[in-house]
Amino acid sequence: MHARRQTATNDPAGRKAPRADARRNAALVLAGARRAVASKGLGVSYHEIAREAGVGVGTVYRRFPERNHLMTAVLSDILSELIRTAEAATECADPWEGFTLLFGELAARTAENAGLSGSLDAHGGPDIAALRHRLLELIRQVTECARQAGALRDDVDWRDIPFLAQAAVTPGCFLDLPADPARRTRTLRVVLDGLHAS
C-alpha cells in the first residue's frame with residue numbers, strides 16, 4: 001500500500017506553513033499599507049490601510065497585530081528601493097550621471113511618499129535606523145564623488161540633497177496649476193542645472 005503523499009504544510013522545524021490565502025492577504029495588506037503611508041504618512045490608521053488593501057480591518061490586525069511590524073515592513077520596502085538606486089549610482093563611471101540618477105529617484109520617491117517625511121526611527125526601530133543610515137551614507141558618497149569630479153558646485157553640502165530633491169518635485173498642484181509629469185521633469189532639470197558646477 002502506497003504511503004499517502006503529504007502536502008507541504010510544515011517547515012523543517014515542524015511549524016505549519018502559511019496557507020496560500022494567508023500569504024495573499026499579507027501581500028495585499030503590505031501593498032495597501034504602502035499606498036496608505038505614501039498618501040497619508042506614518043500615522044495612517046488600520047481602517048485606511050484596510051480600505052486601500054481591499055480587505056477587512058480584522059485581516060490587517062490578524063496579519064500585523066503589532067503596528068510597528070507593519071510600519072517596519074513598509075519603510076523597509078521603500079528604503080531598500082532607494083538604497084538599490086543609490087548603490088547603482090556609486091557604480092556609475094560618470095559621477096554626475098550617478099548623482100542625477102540618485103537625485104531623480106530621491107525626488108520621485110519623496111514627492112509621492114509622505115511616509116519619508118515622518119520620524120522613521122520612531123516607527124521602525126533599529127532595523128529602519130540601519131537602512132536610513134545606509135541610505136544617508138550612500139547619498140554622502142555619491143555627492144562627494146560628484147563634487148570631487150568638479151561636476152557639482154562646491155557650496156552644496158550632501159545633507160542639502162534630500163531637501164533639494166524634495167523641493168524639486170512637488171506633488172499635487174499650486175495655485176490651481178497641476179504638477180503634471182512634464183512640468184515635474186522640467187522642474188527637476190532646472191534644479192539639476194543649478195546644481196551643476198558649470
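What follows is a short chat about reading the features of a predicted protein model.

User: Let's start simple. How many helices and strands are there in the protein chain?

Analyst: A good habit is to list the pieces and then read their order. This predicted model has eight helices and two strands in its protein chain. Along the sequence the pattern runs α-α-α-α-α-α-α-β-β-α, so to speak from one end to the other.

User: What share of the residues counts as buried?

Analyst: Burial is about how much of a residue stays covered. Of the 198 residues here, 34% count as buried. As for the outside, the accessible surface is about 11900 Å², and carbon and sulfur atoms hold 54% of that.

User: Which residues touch the most other members of the largest nonpolar core?

Analyst: To read a core, look for its members with many neighbours. This core has 47 residues, and the ones touching the most other members are Ile49, Val60, Leu70, Phe99, Phe103 and Leu195. Helices giving two or more residues to this core include H1 (20-40), H5 (95-112) and H8 (181-195). The largest share, 10 residues, comes from H4.

User: What does Leu195 touch, leaving out residues up to four places away in sequence?

Analyst: Quite a list: Trp96, Phe99, Phe103, Ala151, Leu152, Arg153, Val156 and Leu164. For the chain as a whole, take contacts between residues at least 6 apart in sequence: 62% of them join residues at least 24 apart.

User: Trp96, Phe99 and Phe103 are on that list. How many aromatic pairs does the whole structure have?

Analyst: For ring pairs, check the distance between centres and then the angle between planes. The search turns up three aromatic pairs. One of them is Trp96 with Phe99, a stacked pair with 5.3 Å centre to centre and 25° between the planes. Both residues sit in helix H5, three residues apart, about one turn of the helix. Trp96 and Phe99 are both buried. Ring pairs also link Trp96, Phe99 and Phe103 into a cluster.

User: Last one: why is there no bond between the sulfur of Cys92 and the closest cysteine sulfur?

Analyst: Here you check the gap between the sulfurs. A disulfide needs them within 2.5 Å. The sulfur of Cys92 is 9.6 Å from its closest cysteine sulfur, in Cys145, so that is too far for a bond. Going the other way, Cys145 has its closest cysteine sulfur in Cys92, again at 9.6 Å. The disulfide count is therefore zero.

User: And how accessible are Cys92 and Cys145?

Analyst: Cys92 is partly exposed, at 21% relative accessibility. Cys145 is partly exposed too, with a relative accessible area of 39%.

Notes: Residues numbered from 1 in each chain as written. Predicted model: local features only at pLDDT ≥ 70, side-chain atom pairs only at ≥ 80, totals over all residues. Heavy atoms only, no water. Core = buried A, V, L, I, M, F, W, Y, C linked by side-chain atoms within 4.5 Å. Buried < 20%, exposed > 50% of the residue type's maximum accessible area, 1.4 Å probe, protein only. Helix = DSSP H or I, 4+ residues; strand = E, 2+ residues; numbered from the N terminus. Contact = heavy atoms within 4.5 Å. Phe/Tyr/Trp six-rings, centres within 6.5 Å; stacked < 30°, edge-to-face > 60°. Areas by Shrake-Rupley, 256 points an atom, 1.4 Å probe, with all protein chains shown as cover.
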